[in-house]
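Trainee: I should like a close look at a single part of this model, set in the context of the chain as a whole. Please take me through it in one connected account.

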Amino acid sequence: MSIIGVKGTHDVFGSESCEFSFVENVMKRICEFFAFSEVRPPVLEHSELFIRGVGEGSDVVRKEMYTFDDKGNRSLTLRPEFTAGIARLIVQNKLTNLQELPIKMYYCGPVFRYERPQLGRYRQFNQFGVECVGHSNPVADVDVISLAYTILQSLGLENVTIKINTLGDEESRNNYKVALKEFFAKHIDKMCPDCKQRLELNPLRILDCKVPEDQEIVKDAPKMSDYLTESAKEKFKFVLDLLESMAIPYEVDDTLVRGLDYYSDTVFEFHYKSSKGNNYGAIGAGGHYDKLIKEVGGPDVPGVGFSFGVERIVSVLKDDELFPEDIYNGLDFYVMPMGVKSQASAVAVANAVRMNGYSVDMCLDDVKLGSMFKRADKKHAKFAIIIGENEIANSKVVLKNLRTQEQLDVDISNLRDTIDELFHECECCCGDDCECECCDGDCDCDCDCDHDADGHKCCCHNHDKKEN
RNA sequence: GAGUUUCUAGUGUAACGGUAACACUGCUGAUUGUGGAUCAGCCAUUCUGAGUUCAACUCUCAGGUUACUCCCCA
């Protein structure tokens with residue numbers, strides 16, 4: 001009997017794995033530019049952390065957590081999100097005392113939510129996000145939004161919609177909740193069962209209800225903006241003004257309420273509709289939080305963060321064919337030993353070329369040369385290195401370009417230099433990505449960059465060799 | 001948690017209750033040191049379990065699982 005994977009989990013391998021790496025690498029690189037450093041919190045935490053951190057009232061905690069008792073009867077939970085774990089990590093390691101604030105961290109890894117799988121939604125999925133903890137300047141909010149926006153742009157997602165709203169400070173929210181309760185109490189009989197529950201638990205959530213009839217009622221509900229304290233209003237205005245000055249487009253959406261209880265003041269979501277029209281929901285979201293660090297036992301400092309759904313972003317990029325061609329692993333060399341006796345030398349050569357910085361695979365079966373060429377083709381290898389008894393006797397190898405069919409005998413002592421020449425990147429001195437065939441000697445490319453009337457001078461060192 | 005839905009070779013698809021078929025991929029050979037072609041051959045406990053039947057991929061029941069919807073979220 002075969003064992004199959006758990007519902008809502010996915011195996012990532014082959015070309016899809018290259019796509020995930022590409023997305024994660026772009027994200028990591030840009031986070032480093034923004035001076036965030038990587039953090040790797042554990043997957044397992046005490047359930048208590050999420051109950052207190054994320055909030056008992058949230059659906060994530062109420063019905064979506066993978067919670068179980070371990071052998072010591074401790075209640076543990078597979079993280080449903082990163083923020084609470086990072087808050088714990090900061091507090092436990094006393095990072096707020098050890099370094100200048102804010103603490104800026106980014107993370108990437110799997111999270112778990114027990115729910116029915118559907119489009120863009122899995123039980124185990126990957127989140128990439130950042131937290132910026134310990135500074136109350138709302139510039140931090142904008143910094144984080146700008147980071148997220150930069151990432152999405154670098155990935156090639158041009159038409160991203162940023163929805164933004166403010167939940168205000170505690171005082172604003174309490175006033176608003178009272179007003180909402182009063183308002184919805186008049187209509188609650190006509191509303192959906194979920195909303196009836198929400199009225200008591202967290203009336204803010206009613207604003208997020210998707211039932212059409214309820215949405216009609218929501219339209220006439222009191223607005224958050226009318227209940228904001230002056231300081232909350234000012235903060236939000238500051239954030240919006242700053243976004244504007246940075247040319248980051250946004251839409252204020254006063255029905256935007258996040259599902260995690262720790263948020264206050266600025267909250268935002270990133271939406272993107274793929275050309276196929278698939279609606280993956282928000283591809284990323286985040287916000288500002290005031291009480292989380294304190295709730296976990298730390299000092300009374302705020303934080304702000306966002307998180308992307310890596311699977312959703314991969315899906316969207318796939319739908320819109322935005323993955324660059326060159327992200328899929330190509331093999332530089334395939335080593336072909338002729339006969340068992342040549343294998344030892346082949347391994348040595350393969351390793352030497354690897355240490356030179358190239359990807360090298362080797363045929364492990366004693367099969368005919370023809371078969372080895374077929375295998376090299378399958379792997380899309382650029383070059384073959386053939387080693388047989390003749391070559392070993394002369395301390396040579398045969399180096400064959402599998403695209404052009406050219407081949408030459410190379411002394412093993414010269415192999416390194418020969419290979420480096422073959423792989424030398426040809427760059428036109430115009431530095432303009434002009435795609436000129438600069439190896440043709442006088443390099444008469446027709447790019448329209450304006451340099452010397454003499455035309456380009458190609459910096460490629462391969463001329464002489466190729467022309468011979 | 002509720003609803004609809006999928007399940008046959010690595011992939012995509014056939015088969016009235018009666019021999020599991022086809023295409024691509026893969027492997028082996030024709031071809032003993034030079035490939036991408038051609039030709040031959042090989043590759044399945046039909047998701048699992050139970051039931052009905054002389055006979056089940058096909059019908060029934062239970063479970064798993066795929067995809068999607070609601071709730072909610074990344």
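Mentor: Of the 468 residues in chain A, 34% are buried, where a residue is buried if 20 or more other C-beta atoms lie within 10 Å of its own, exposed if 12 or fewer, and partly exposed in between, with C-beta atoms placed from the backbone. This is a predicted model, in which local features need pLDDT of at least 70, side-chain atom pairs count only at pLDDT 80 or more, and totals for chains, interfaces and linings use all residues. Residues are numbered from 1 along each chain as its sequence is written, while chains are lettered from A and ligands numbered from 1 in the order in which they are written.

Chain A contains 17 helices and 16 strands; helices (H or I, at least four residues) and strands (E, at least two) are DSSP runs, numbered from the N terminus. Among the contacts in chain A with a separation of 6 or more, 67% are between residues 24 or more positions apart, a contact being two residues whose C-beta atoms, placed from the backbone, lie within 7 Å. The domain assignment, which is automatic or taken from a database, divides chain A into domain 1 (15-169 + 229-319), domain 2 (330-422) and domain 3 (426-468). Between the C-alpha centres of domain 1 and domain 2 the distance is 48 Å.

The part I have chosen for the close look is the hairpin formed by strand 15 and strand 16, with five residues between the two strands. Strand 15 (residues 396-401) runs antiparallel to strand 16 and is joined to strand 16 by five bridges; two strands pair if DSSP finds at least two bridges between them. One of the bridge partnerships links Lys400 with Gln407 in strand 16. In the turn, Gln405 has a positive phi of about 70°. Strand 16 (residues 407-411) is hardly covered, with zero buried residues among its five.

For another example of antiparallel pairing, consider the open sheet of three strands in the order 2-4-3. Its edge strands, strand 2 (44-46) and strand 3 (66-69), each pair on one side only. Neighbouring strands of this sheet are turned by 35° against each other on average, direction ignored; the axes are lines fitted to C-alpha atoms (for helices over the stretch in contact), and angles run from 0 to 180 degrees between N-to-C directions. Strand 3 pairs with strand 4 (residues 75-78) over four bridges in the antiparallel sense, and Phe68 has Leu76 in strand 4 as its bridge partner.
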